[in-house]
Amino acid sequence: MISARAKVVRGRPERRYSIDTSMTRGCLAWLCLTWKGRLRPGETVLALGAGGAVGQSVIGAAKALGAGRVVGVCRPGPSAERARAAGADEVLTLDTDAEAMTSLLSSAVESADVVVDPVGGPAATAALRVLAEHGRLVNLGGSMADEATY
């Protein structure tokens, strides 16, 4: 839960507003998969940043929407444990080299129908390489790197 203090506007008293971040990330995950990703039941979802708040929400939403397989990609250790606890069918650990990451993804995922990417960088480059024909990559940030080579 985040609290934010509102500024005084036209003489109105100051108010405090709360934003439930769990609801925000849940809505974001849902919209990435439905509105932009057009996920259909049985499809494979690749969730980059799967150990983070948005990634965990993507895993849960994908499962709820009937994804056939959900593969999480994240840092090793606690992040990987969180992705597993969120329900990922398989969890792969990040590599900073795009070629190594592509090899890892290719061995685990024949092709991904929907990729949700909040990390960018080599992970996004590798994910694009395993994207199915007519697959959809939904980018919503770049916490690993500002760019990805496509």
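**View 1. Val-58 and its contacts in the predicted model.** Leaving aside residues up to four places away in sequence, Val-58 touches Ala-29, Leu-33, Val-45, Ala-47 and Val-116; contact here means heavy atoms within 4.5 Å. This is a predicted model, where local features need pLDDT of at least 70 and side-chain atom pairs count only at pLDDT 80 or more, while totals for chains, interfaces and linings use all residues. Residues are numbered from 1 along each chain as its sequence is written, and side-chain values use heavy atoms, with hydrogens and water left out.

**View 2. The largest nonpolar core.** This one has 22 residues, and Leu-33, Leu-39, Val-45, Val-58, Ile-59 and Ala-62 have the most contacts inside it. (A nonpolar core is a set of buried Ala, Val, Leu, Ile, Met, Phe, Trp, Tyr and Cys residues joined through side-chain atoms within 4.5 Å; buried is under 20% relative accessible area, with a 1.4 Å probe and protein chains only.) The largest share, 5 residues, comes from α2. A second, separate core of 17 residues includes Val-71, Val-73, Val-115 and Ala-123.

**View 3. Glu-43, a buried loop residue.** Glu-43 sits in the loop between α1 (21-36) and β3 (44-48). Its relative accessible area is 8%, so Glu-43 counts as buried. The Glu-43 side chain reaches the backbone nitrogen of Arg-40 at 2.9 Å. Among the residues Glu-43 touches, not counting those up to four places away in sequence, are Arg-38, Asp-113 and Arg-136.

**View 4. Residues 1-9.** Here the pLDDT (the predictor's confidence in each residue, from 0 to 100) is below 50. Where pLDDT is low, don't read the predicted coordinates in detail.

Methods:
Helix = DSSP H or I, 4+ residues; strand = E, 2+ residues; numbered from the N terminus. Buried < 20%, exposed > 50% of the residue type's maximum accessible area, 1.4 Å probe, protein only. Polar contact = N/O pair within 3.5 Å; in protein donor to acceptor, adjacent residues only side chain to side chain.
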